[in-house]
Amino acid sequence: MKRVVITGAGTINALGQNVPDTLEAMREGRCGIGPLEFQDVERLAIRIGGQVKGYEPTDRFNRQQLSLYDRFTQFTLIAAREAIGQSGLEFSGELAARSGVVLGNSGGGMTTLDENYRSVYEDGKNRVHPFVVPKLMNNAAASHLSMEFNLKGPSFTVSTACASSNHAMAQAFQMVHGGLTPVMITGGSESMLCFGGVKAWEGLRVMSKDGCRPFSANRNGMVQGEGAGIFVFEELDHAKRRGAVIMAEVAGFAMSSDAADIVMPSKNGAARAITGALQDARIAPAEVGYINAHGTGTAANDKTESAAVADVFEAHADRLMISSTKSMHGHLIGGTGAVELLACIMALRDGVVAPTIGYEEPDPECALDVVPNEAREADVQVALSNAFAFGGLNAVLALRRFA
Amino acid sequence: MDTSTKSIKHRVIEIIAEQAVLEPSDVTADSTLEDLGIDSLGLVESIFAIEEAFDISVPFNANAPEESDFDISSVASIVTGIEKLVAEQHK
């Protein structure tokens with residue numbers, strides 16, 4: 001089997017509009033969550049989120065492009081330009097024919113839906129823009145990415161709610177690992193921060209009105225974010241031959257389904273995914289130095305995830321570090337695993353573990369080293385990234401430092 | 001809308017009974033939601049139905065039920081809470 005490495009990374013999220021700015025914010029434990037700004041926000045009970053601010057679409061895209069690019073597609077392309085630019089790859093001939101793009105996304109073009117529903121229902125208009133459908137479809141981002149970079153290999157979008165990006169990256173890994181293609185572009189994006197998007201989440205009564213405090217005893221729910229994370233997954237020999245800079249190695253993954261409840265998480269399902277990822281990557285539990293937690297800040301997730309980690313790692317659970325960067329960038333739903341993979345890369349490559357900010361009170365049901373409030377320097381050889389979705393669909397990735 | 005005390009209790013019990021797939025006569029004041037087989041999703045759905053029925057907003061966060069200034073420990077406590085909210089929000 002082929003070894004798979006990461007040779008490019010890109011992002012835009014509430015912490016920054018590129019990877020260096022995002023990692024700097026994570027190192028400093030900065031919070032990107034603030035008051036939401038969009039039409040009708042005053043009709044919401046939940047008015048905070050990890051919104052991308054100071055972003056002007058017309059600075060990055062022309063008028064024709066914007067008529068086809070929903071916000072989640074815009075975010076994807078911005079992150080992809082950074083990632084592919086960093087990798088130095090250009091896709092033509094045989095490489096273009098084999099390389100593809102697999103992205104995670106949950107809501108599709110929700111802003112487009114929201115704006116057009118408002119137009120026909122509230123404003124009573126009987127005509128919508130001709131590109132509503134190609135703009136809102138979940139695969140629009142993957143398709144535009146393939147068009148912009150000439151990626152002609154296997155390309156599709158994976159939708160598994162909060163685990164979408166991890167499932168997508170696992171697929172991309174598997175394709176390169178199995179020798180199907182030397183390069184895959186992967187990751188995910190989401191943009192649900194519009195009136196209808198937040199209103200729908202509000203209904204479930206799991207959102208916090210005042211902040212995301214994962215693992216803290218006084219946590220009171222999740223906070224939504226938006227943005228994208230995109231990576232270049234490349235076969236090791238291919239990367240070496242062209243002298244690419246390698247950020248980390250993707251060592252393995254596992255997926256599992258709880259087959260239990262549409263919203264409540266399961267310790268067993270989470271533990272099976274973590275154990276499976278270690279086995280797939282041939283990593284001993286004691287080698288794991290850092291876990292980027294799913295860590296949503298809900299009562300149910302954080303205690304279930306802590307219990308799963310304690311079960312899998314036994315005594316080592318007290319020695320490893322686990323943090324939730326959602327405390328800083330919010331929960332990007334279908335894009336969250338992709339942005340969170342950046343924290344794993346930072347831990348492995350830079351030796352800096354991102355903190356769980358907003359941590360105020362220890363919770364005996366989450367008694368792990370959650371790297372409270374301040375980033376920490378550490379020598380991390382192996383990092384895991386957890387994602388446990390609504391619907392009980394779990395995906396865990398294992399990364400190794402590349403030396 | 002008739003929001004007298006008697007009708008509030010009656011309507012809340014109807015909503016809870018429907019959620020629990022029981023007859024209203026099977027739902028007593030000291031029943032807990034657990035006794036009635038209503039799980040966390042059923043609770044959230046019941047609160048939504050109550051909000052719609054009385055045109056009120058119920059301050060309930062599923063993450064911190066104990067901190068949500070709304071007591072869900074029994075049918076009686078829910079009825080009391082709803083009566084208070086109706087009185088406050090329909091001034």
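Me: Which residue follows α15(A), and what is its phi?

Reply: In this predicted model, A:Gly351 comes right after α15(A), and its phi is positive, near 70°.

Me: How do you know that the length of α15(A) agrees with its number of residues?

Reply: Set the expected span against the model. The helix has 15 residues, and at 1.5 Å a residue they should span 21 Å. The C-alpha atoms at the two ends are 21 Å apart, so the span agrees.

Me: What makes you call α15(A) mostly covered?

Reply: Count its buried residues: there are 13 of them among the 15. A residue counts as buried if 20 or more other C-beta atoms lie within 10 Å of its own.

Me: At what angle do the axes of α1(A) and α15(A) cross?

Reply: Helix α1 (residues 19-28) of chain A and helix α15 (residues 336-350) of chain A have axes that come within 10 Å and cross at roughly 75°. Angles of 65 to 115 degrees count as roughly perpendicular, so α1(A) is roughly perpendicular to α15(A).

Me: Which residues make that contact?

Reply: From α1(A) come A:Val19, A:Thr22, A:Leu23 and A:Met26, while α15(A) brings A:Leu342, A:Ala343 and A:Met346. By class, six of the residues in this contact are nonpolar, one is polar and none is charged.

Me: How do you know that the span of α12(A) agrees with its 14 residues?

Reply: The reasoning runs through the end atoms again. Helix α12 (residues 267-280) of chain A should span 20 Å at 1.5 Å a residue, and its end C-alpha atoms are 20 Å apart, so the two values agree.

Me: What do the buried residues of α12(A) pack against?

Reply: Their partners are β8 (248-257), α13 (299-313), β13 (382-388) and β14 (393-400) of chain A. Among the buried residues of α12(A) are A:Gly269, A:Arg272, A:Ile274 and A:Leu278. After the helix comes A:Arg282, with a positive phi near 50°.

Me: Why is A:Glu314 called what it is, buried or exposed?

Reply: A:Glu314 has 10 C-beta neighbours inside 10 Å, and a residue with 12 or fewer is exposed, so A:Glu314 counts as exposed. This residue lies in the loop between α13 and β10 (321-323) of chain A. Its phi is near 50°, a positive value in a residue other than glycine.

Me: What does A:Asn373 count as, with 15 C-beta neighbours inside 10 Å?

Reply: Buried needs 20 or more and exposed needs 12 or fewer; A:Asn373 has 15, so it counts as partly exposed. You will find A:Asn373 in the loop between β11 (352-353) and β12 (376-377) of chain A. The phi of A:Asn373 is positive too, near 65°.

Me: Which domains does the assignment give for chain A?

Reply: The domain assignment lists domain 1 (4-241) and domain 2 (253-400). Their C-alpha centres lie 21 Å apart. The contact between them takes 62 residues from domain 1 of chain A and 56 residues from domain 2 of chain A.

Me: Which element gives the most to the side of domain 1 of chain A that touches domain 2 of chain A?

Reply: That is α9(A), with seven residues. By class, this side of domain 1 of chain A has 27 nonpolar, 29 polar and six charged residues.

Terms used
Residues are numbered from 1 along each chain as its sequence is written. Chains are lettered from A and ligands numbered from 1 in the order in which they are written. This is a predicted model: local features need pLDDT of at least 70, side-chain atom pairs count only at pLDDT 80 or more; totals for chains, interfaces and linings use all residues. Axes are lines fitted to C-alpha atoms, for helices over the stretch in contact, and angles run from 0 to 180 degrees between N-to-C directions. Helices (H or I, at least four residues) and strands (E, at least two) are DSSP runs, numbered from the N terminus. Angles under 35 degrees count as roughly parallel, over 145 as roughly antiparallel, 65 to 115 as roughly perpendicular and the rest as oblique. Two residues are in contact if their C-beta atoms, placed from the backbone, lie within 7 Å. Ala, Val, Leu, Ile, Met, Phe, Trp, Tyr, Cys and Pro count as nonpolar, Asp, Glu, Lys and Arg as charged, and the others, Gly among them, as polar. The expected span of a helix is 1.5 Å times one less than its number of residues. Domain bounds come from an automatic or database domain assignment.
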